[in-house]
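Hi everyone, thanks for making time this morning. Let's bring the structure up on the screen and walk through it together.

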Amino acid sequence: MIKKETMEMKMKDAWDVTFRKFYYPKTGMFYDALYGNSIEESLDAYPTPEEIKASSPNPCGWNTGMEDATLSACPMVEAIIARYEVAKESEMKKYSDMVYEGIIKNGTLASEPGFIVRSVSPVDGISFYMDSSRDQYTNWVYAAHLFINSELTDEKQKTALREVLVNIGIKAVRISCESV
């Protein structure tokens, strides 16, 4: 059986590694792959903005390290909020704001309202692959729900999240009507 102190130390280490190595403050995103000890050290291995625009190697960015930033961030929202609710650690507000930055960027960067991008290029902070998926939307909406119902989220953030949710709904209705 693992001792409580050992378990707490392992959880702290996992938390620290997640934010130190996989979270990139310049975009507010978590990236899937490291080609060095950090995202900063890995930038040369990520697709260029030109490659992203050309959908290379594919429209989803699979196997590039930036295909699932939304999927990675959403469980972190849940972890941050749960940690705050259990331990009332004030530092969770800082983490909440950090992850919110990426979530809201994924919901507002595209010119098409309601489009949730998978990830944003860590190279330029604005390029993204043209394809998304249901799981990106499902997790984004759930993260927005968690944020909106959390005391860690301020009213300005909640308003921005609600705007994206409305745009997602409008897009879904439009697509549904077009397919009839």
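Let me go straight to K171, which is buried, with a relative accessible area of 12%. That puts K171 under the 20% cut-off for burial. And which residue does the K171 side chain meet in a salt bridge? It is E112, at 2.7 Å from N to O. Please keep in mind that this is a predicted model.

Now look at where the two partners sit. K171 is in helix α7, residues 155-178, while E112 lies in the loop between α5 (92-108) and α6 (134-148), so this salt bridge ties together parts that are 59 residues apart in sequence. E112 itself counts as partly exposed, at 32% relative accessibility.

E112 also has a salt bridge with R174, where the closest N and O atoms are 3.0 Å apart. Here again distant parts of the chain are linked: R174 belongs to helix α7 and E112 to the loop between α5 and α6, 62 residues apart. R174 is partly exposed, with a relative accessible area of 36%. If you step back a little, E112, K171, R174 and E178 are linked in a network of salt bridges.

How many salt bridges does the structure hold? Ten. One of them pairs E40 with K26, and there the closest N and O atoms are 3.9 Å apart. This pair also connects distant parts of the chain, with E40 in helix α2 (residues 39-42) and K26 in the loop between β1 (23-24) and β2 (29-30), 14 residues apart. As for accessibility, E40 is partly exposed at 43% relative accessible area, and K26 is exposed at 57%.

Let me turn to helix α4, if you could rotate the view for me. Helix α4 runs over residues 69-87, so 19 residues, and reaches 27 Å from its first C-alpha to its last, close to the 27 Å expected at 1.5 Å a residue. Which residues of α4 are buried? They are A69, T70, A73, C74, M76, V77, I80, I81 and Y84. Why do these buried residues lie on the same side of α4? Because they cover an arc of only 165° around the axis. What covers them includes α1 (4-22), β2, α5 and α6. And after α4 comes K88, whose phi is positive, near 55°.

That's my tour, so over to you for comments!

Methods
Residues are numbered from 1 along each chain as its sequence is written. This is a predicted model: local features need pLDDT of at least 70, side-chain atom pairs count only at pLDDT 80 or more; totals for chains, interfaces and linings use all residues. Side-chain values use heavy atoms; hydrogens and water are left out. A salt bridge is a side-chain nitrogen of Lys or Arg within 4 Å of a carboxyl oxygen of Asp or Glu. Helices (H or I, at least four residues) and strands (E, at least two) are DSSP runs, numbered from the N terminus. Buried means under 20% relative accessible area, exposed over 50%, partly exposed in between (1.4 Å probe, protein chains only). The expected span of a helix is 1.5 Å times one less than its number of residues. The arc is that of the directions from the helix axis to the C-beta atoms. Contact means heavy atoms within 4.5 Å.
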